[in-house]
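Trainee: Could you walk me through reading some features of this model? I'd like the general idea each time, then the case at hand.

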Amino acid sequence: MIKKILLAALVILIGIVAILLFNVLNFGSKQPPVETIDKREVNEKATGNYSRALQIKTVSPEDPADFDSTQFNLFNAFLAETYPLTDSILEKKLFNQFSHLYKWNGSNPALNPTLFMGHIDVVPVMEENIEDWDVDPFGGEVKDGIIWGRGAIDDKISVVGLMEAVELLLSEGYKPKRTIYLAFGHDEEIGGVNGAQVMSKYLEDQGVILDFVMDEGGAIATGIVDGIAAPVAVVGIAEKGFLTVELGIKIEGGHSSMPGPETAIDVLSEAVVKLKRNPFPARLSEPVKQTLRYLGPEMSFTRKLAIANMYFLESVILSGFEASPSGNALIRTTTSPTIFNSGVKDNIIPQYASAKINFRILPGETGETVTNRVKEVIDDDRIELSAPQDFTALPSAVSDVNSKGFETIHRTIKEIFPGVIVAPNLVVGGTDSRYYRNLTLNIFRFNPMTLNQENIKTFHGLNERLPIAELENAIRFYVRLIENSAQ
Ligand SMILES: [Zn+2]
């Protein structure tokens with residue numbers, strides 16, 4: 001009998017191993033062979049132009065009263081003067097004075113247009129941080145082949161890169177078959193409601209349907225994926241949603257010399273702890289599965305084996321993601337208490353306490369499912385939930401990796417950046433591209449630049465900088481992407 005049981009177990013085991021091996025052997029590479037193209041000459045003034053763009057303080061301030069329209073007017077003038085062909089040949093329309101929409105008419109009106117995005121505004125440099133910068137954050141300084149300044153990475157590289165590319169093509173007499181739009185918002189860092197949202201509405205009213213949209217969001221980096229030595233380019237095919245929930249509680253206060261058994265602060269603290277101790281369930285969403293399908297075949301046998309069998313081994317893969325905050329953000333709706341308010345004096349027990357919790361929502365969930373789960377976890381009717389009038393966004397739809405748009409971007413990356421592995425991914429932050437979801441199913445998020453260990457953390461931070469060679473590659477990339485997609 002025991003012999004029979006062992007034999008049966010052995011047969012089952014062999015069966016499982018056979019399935020696992022079958023899956024791994026059929027897990028082929030998704031990296032098509034593409035020949036790198038010769039490096040095209042770019043305008044020798046491009047670096048100087050980029051530097052000038054960084055010197056203009058197009059800051060989106062925390063407080064709208066601090067908005068400096070002079071700087072945005074300077075940027076308008078900079079674009080018009082620096083790119084005279086683009087300014088005169090393309091149709092230009094300004095929205096709320098500072099957001100730019102350029103239209104380059106294609107010769108074949110039957111083709112749906114493409115839209116390339118960037119944003120003009122940057123995050124502020126805090127007064128107290130200026131002395132920690134090695135250079136003037138708005139000096140546009142170039143030294144040792146590197147350009148320094150707020151906006152170098154996020155996102156003036158896109159604006160300048162696209163304008164240089166279009167100006168170059170125009171100077172060569174290039175005429176696209178497909179209409180091309182360039183859309184540069186001026187308030188991306190504070191939600192994009194006066195820029196991207198208005199431009200998208202205008203296009204929608206015109207009945208425009210886009211072939212694809214290209215925005216910021218991904219980049220190329222080496223050493224970001226465990227088990228892959230080659231540089232990896234990640235192209236965002238979806239982005240997480242954004243929701244802030246305010247928790248509030250009112251309990252009679254009193255003097256701190258005679259505290260009751262429970263105070264507003266106690267109850268609220270407990271609720272926040274419960275939320276942190278009960279994270280949202282981890283799962284592999286569609287965009288992350290796509291990342292694994294593209295990267296898995298390039299990895300070592302053991303990793304490939306696990307990924308090729310992700311339906312059996314999902315928990316193993318999830319625990320790998322959970323090991324780092326950046327990995328964890330890809331597999332669940334995250335919970336971040338960001339503001340905690342209560343109390344005015346050290347000897348008074350406050351009767352009111354409130355906290356704001358910021359959630360980044362995984363595709364497949366909604367604001368409602370998140371709020372319902374928050375109520376369930378807190379399980380305390382005394383706590384009131386409200387959604388403050390802050391910015392809220394649903395997770396995006398997932399763009400199709402089999403679309404012509406993705407394939408064109410994939411091929412163009414390989415033509416310009418040799419040896420790069422391309423993978424779709426989930427963007428954990430938010431971009432202005434969310435406003436264009438009514439105009440196309442195909443929204444891709446990628447900046448054509450290679451980031452390294454030193455500069456990867458500098459955007460929105462100190463000493464934002466980028467090698468000049470990256471600007472030149474970005475221009476080459478946009479030129480090629482226009483050529484590849486506009487025919
Ligand atoms: Zn940005």
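**Reading the features**

Mentor: Take Arg 283, which at 26% relative accessibility counts as partly exposed. Buried is under 20% relative accessible area, exposed is over 50%, and partly exposed is in between (1.4 Å probe, protein chains only). This is a predicted model, so local features need pLDDT of at least 70 and side-chain atom pairs pLDDT 80 or more, while totals for chains, interfaces and linings use all residues. Residues are numbered from 1 along each chain as its sequence is written, and side-chain values use heavy atoms, without hydrogens or water.

Trainee: Which residue forms a salt bridge with Arg 283?

Mentor: Side chains of opposite charge can pair when their charged atoms come close. The cut-off here is a side-chain nitrogen of Lys or Arg within 4 Å of a carboxyl oxygen of Asp or Glu. Glu 365 is the partner of Arg 283, with the closest N and O atoms 3.2 Å apart. Glu 365 sits in the loop between strand E14 (352–361) and helix H12 (367–378), and Arg 283 in the loop between helix H7 (264–277) and helix H8 (286–295), so the pair ties together parts 82 residues apart in sequence. Those labels are DSSP runs numbered from the N terminus: helices are H or I with at least four residues, strands E with at least two. Glu 365 is buried, at 15%.

Trainee: How many salt bridges does a search of the whole structure find?

Mentor: It finds 17. In one of them, Glu 483 meets Arg 40 at 3.0 Å, N to O. That pair links distant parts of the chain, with Glu 483 in helix H14 and Arg 40 in the loop between H1 and H2, 443 residues apart. Glu 483 is buried with a relative accessible area of 17%, while Arg 40 is partly exposed at 24%. Then there's Glu 81 with Arg 52, at 3.9 Å, N to O. Here Glu 81 is in helix H3 and Arg 52 in helix H2, so parts 29 residues apart in sequence are tied together. Glu 81 is exposed, at 58%, and Arg 52 is partly exposed, at 35%.

Trainee: On to the metal. Which residues are the protein donors of the zinc ion?

Mentor: Donors are N, O and S atoms within 2.8 Å of the metal (3.2 Å for Na, K and Ca), and since water is not among the atoms, sites may look incomplete. For the zinc ion they are His 119 (NE2), Asp 154 (OD), and Glu 216 (OE) listed twice, at 2.0 to 2.6 Å. In sequence the spacing is H-x34-D-x61-E. His 119 lies in strand E3 (residues 114–119) and Glu 216 in the loop between strand E7 (212–215) and strand E8 (220–221), so this pair ties together parts 97 residues apart. His 119 is buried, at 1%, and so is Glu 216, at 8%.

Trainee: What do the angles among the 4 donor atoms say about the site of the zinc ion?

Mentor: Four donors are tetrahedral if all angles lie between 85 and 135 degrees; four are square planar and six octahedral if opposite donors are over 155 degrees apart and all others between 65 and 115; anything else is irregular. With angles of 54 to 150°, this site is irregular.

Trainee: And the backbone: is the peptide bond from Asp 154 to Asp 155 cis or trans?

Mentor: Most residues other than glycine have a negative phi, and most peptide bonds are trans. This one is cis, with omega near 5°. Asp 155 lies in the loop between E5 and H5. For phi, look at Asn 96, with a positive value near 45°, in the loop between strand E1 (91–95) and strand E2 (99–104). His 460 also has a positive phi, about 70°.

Trainee: What is Ser 485 in contact with?

Mentor: Contact means heavy atoms within 4.5 Å. Leaving aside neighbours within four places in sequence, Ser 485 is in contact with Phe 116, Arg 178, Phe 212, Lys 404 and Thr 408. Ser 485 is in helix H14 (residues 468–485) and is buried, at 1%.
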